[in-house]
Structures are given as structure tokens and as C-alpha cells.
Amino acid sequence: MTEKFFRKADSPLHVPDSGPGGAEPPSREIYAAMGEENIKAMLRDFYLQLGESAIAGMFPRELVRASERSALFFIGLLGGPPVYMQTYGPPRMRARHLPFRITDAHRREWLACFYRVLEQPERYQFPVEHLEGFKKFLEGFSGWMVNTAED
Ligand code: HEM
């Protein structure tokens with residue numbers, strides 16, 4: 001991990017105007033179509049993309065292991081069992097991201113990595129009819145993770 005991707009506790013906090021409620025949750029039919037293993041594979045490939053991206057320095061070296069934790073969150077979000085919450089407690093996603101310096105440029109890079117993976121929905125049996133809704137969710141919710149104004 002790289003120093004420049006960490007937020008100092010006393011650095012000015014950027015609060016997006018959109019607030020947390022801007023994003024419609026994705027369809028729970030997605031889990032029904034994909035199942036656990038495909039969601040884990042999708043998140044693994046996403047993290048491998050992050051590892052090649054301009055924000056790689058934000059993520060742990062053990063990308064596959066980190067992806068497994070994130071996958072548990074996405075499994076619950078997409079309609080599967082709430083294992084993430086049972087294991088790690090309330091998601092509090094914005095709070096969990098506060099240690100990192102997330103600008104809108106970082107968000108764009110994060111989204112680009114996810115979208116690259118979603119270019120091959122058939123790999124993960126991602127139901128194509130829900131692609132647009134899922135991307136909309138990622139677009140909206142990721143806005144809420146931004147905590148630092150652009151340089
Ligand atoms: C705005 C762009 C975003 C950036 C730059 C970002 C970055 C990060 C980083 C650096 C971590 C810690 C390393 C790790 O455990 O993987 C993390 C964790 C995580 N992120 Fe994000 N993230 C973003 C948006 C999102 C969004 C929109 C979601 C959910 C839809 C999300 C879900 C998660 C989850 C579930 C974790 C694991 C939390 C845990 O450790 O319990 N992230 N993210």
C-alpha cells in the first residue's frame with residue numbers, strides 16, 4: 001500500500017451532495033442467477049484489475065484474499081445470505097472507506113475496473129438484463145465513498 005492513498009485523520013473531509021440514498025439497490029435476482037462461486041470469481045477478477053490500475057497502491061498485496069471479503073458483501077447485496085454482516089457487523093461502507101483518500105478520480109478508476117470485468121458477463125453468469133441497473137448502483141453508491149476533494 002502507498003502512503004498517498006491514506007487519509008490523514010485531520011485532513012478536510014469531502015461530503016458528497018448526493019448523500020447515501022442516491023443509489024437504487026441492485027436486483028436480488030442477480031444472486032439467484034449467479035450463485036456464490038460466480039460472485040466470488042467476479043470479485044476476484046475485479047480485484048486483479050484493481051491491482052493493475054492507477055489505484056493499486058490502495059489495496060493490500062494479497063488481492064485474492066481481499067476480494068473474498070468484498071465478495072461476501074456483494075453476495076448479500078445481490079440477494080444472497082447476509083454473511084458479511086454476520087461476520088463483520090453493519091456494512092457502514094462510507095465509514096469503512098474513510099481511512100483511504102478517495103477522490104472522484106480514484107472513484108472513476110475503481111468503476112473502470114469493475115466495468116472491464118462486467119464486459120464479460122457470461123463468464124460469471126451475470127444476468128445481462130440486470131447489468132444496467134447494477135452499473136447504475138455502482139455509479140451512484142461509489143459517489144458516496146468519495147471523501148476527498150480533487151487536488
Ligand atoms: C469509490 C471508489 C472506491 C474505492 C477507491 C474503494 C477502495 C477500497 C479500499 C482501498 C478498500 C480496502 C481494501 C480491501 O479490503 O479491499 C475497500 C474495501 C471495500 N470496499 Fe471499496 N472502494 C470504492 C467503492 C466501493 C463501493 C461502491 C463498494 C460497494 C458497492 C465498495 C465495497 C467495499 C467492500 C465490501 C470492502 C471490504 C470492506 C471490509 O474490509 O470489510 N467499495 N474499498
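**Ligand site and pockets of the predicted model**

Helix α2 supplies six residues to the lining of the largest pocket, the largest share of that lining. The structure described here is a predicted model. The volume of the largest pocket is about 820 Å³. Its lining comprises 28 residues, and those closest to the pocket centre are Y47, F59, S70, M93 and H97. At least two lining residues are supplied by each of α1 (29–51), α2, α4, α5 and α6. Classified by residue type, the lining of the largest pocket consists of 20 nonpolar, four polar and four charged residues.

The ligand is located in this largest pocket. Two or more residues of the shell around the ligand are given by each of α2 (63–77), α4 (93–97), α5 (104–118) and α6 (131–143). Helix α2 makes the greatest contribution to the shell, with four residues, just as α2 provides the largest share of the lining of the largest pocket. In total, 20 residues surround the ligand, and Y47, R69, Y84, H97 and W110 are the closest. The shell is made up of 14 nonpolar, three polar and three charged residues.

The iron atom of the ligand has a single protein donor, atom NE2 of H97, at a distance of 2.0 Å. H97 belongs to helix α4, and this residue is also among those closest to the centre of the largest pocket.

Polar side-chain atoms approach the ligand at several further positions. For R69, a polar side-chain atom is found 2.8 Å from an oxygen atom of the ligand. For Y84, the corresponding separation between a polar side-chain atom and a ligand oxygen atom is 2.5 Å. On the side chain of W110, an N or O atom lies 3.3 Å from a nitrogen atom of the ligand. R69, Y84 and W110 are all listed among the residues closest to the ligand.

The second largest pocket encloses about 250 Å³ of space. Its lining is formed by 15 residues, with F73, G76, L77, M85 and P91 nearest the centre. Helices α2, α3 (83–88) and α6 each contribute at least two residues to this lining. Helix α2 again gives the most, here with four residues. Eleven nonpolar, two polar and two charged residues make up the lining of the second largest pocket. Helix α2 is thus the leading contributor to the linings of the largest pocket and the second largest pocket, and to the shell around the ligand.

Definitions and conventions
Residues are numbered from 1 along each chain as its sequence is written. This is a predicted model: local features need pLDDT of at least 70, side-chain atom pairs count only at pLDDT 80 or more; totals for chains, interfaces and linings use all residues. Side-chain values use heavy atoms; hydrogens and water are left out. A residue is near a molecule or strand if one of its heavy atoms lies within 4 Å of it. A polar contact is a pair of N or O atoms within 3.5 Å; within protein, one must be able to donate a hydrogen and the other to accept it, and residues adjacent in sequence count only if both atoms are side-chain atoms. On a 1 Å grid over the protein atoms alone, a cavity is a set of points where a 1.4 Å probe fits but cannot get out, and a pocket is an open set with protein on both sides within 12 Å along at least five of seven lines; lining residues have an atom within 4 Å of a point. A molecule sits in a cavity or pocket if more than half of its atoms lie within 2 Å of its grid points. Ala, Val, Leu, Ile, Met, Phe, Trp, Tyr, Cys and Pro count as nonpolar, Asp, Glu, Lys and Arg as charged, and the others, Gly among them, as polar. Donors are N, O and S atoms within 2.8 Å of the metal (3.2 Å for Na, K and Ca); water is not among the atoms, so sites may look incomplete. Grid points are joined across faces, edges and corners, and a volume is the space filled by probe spheres set on the points.
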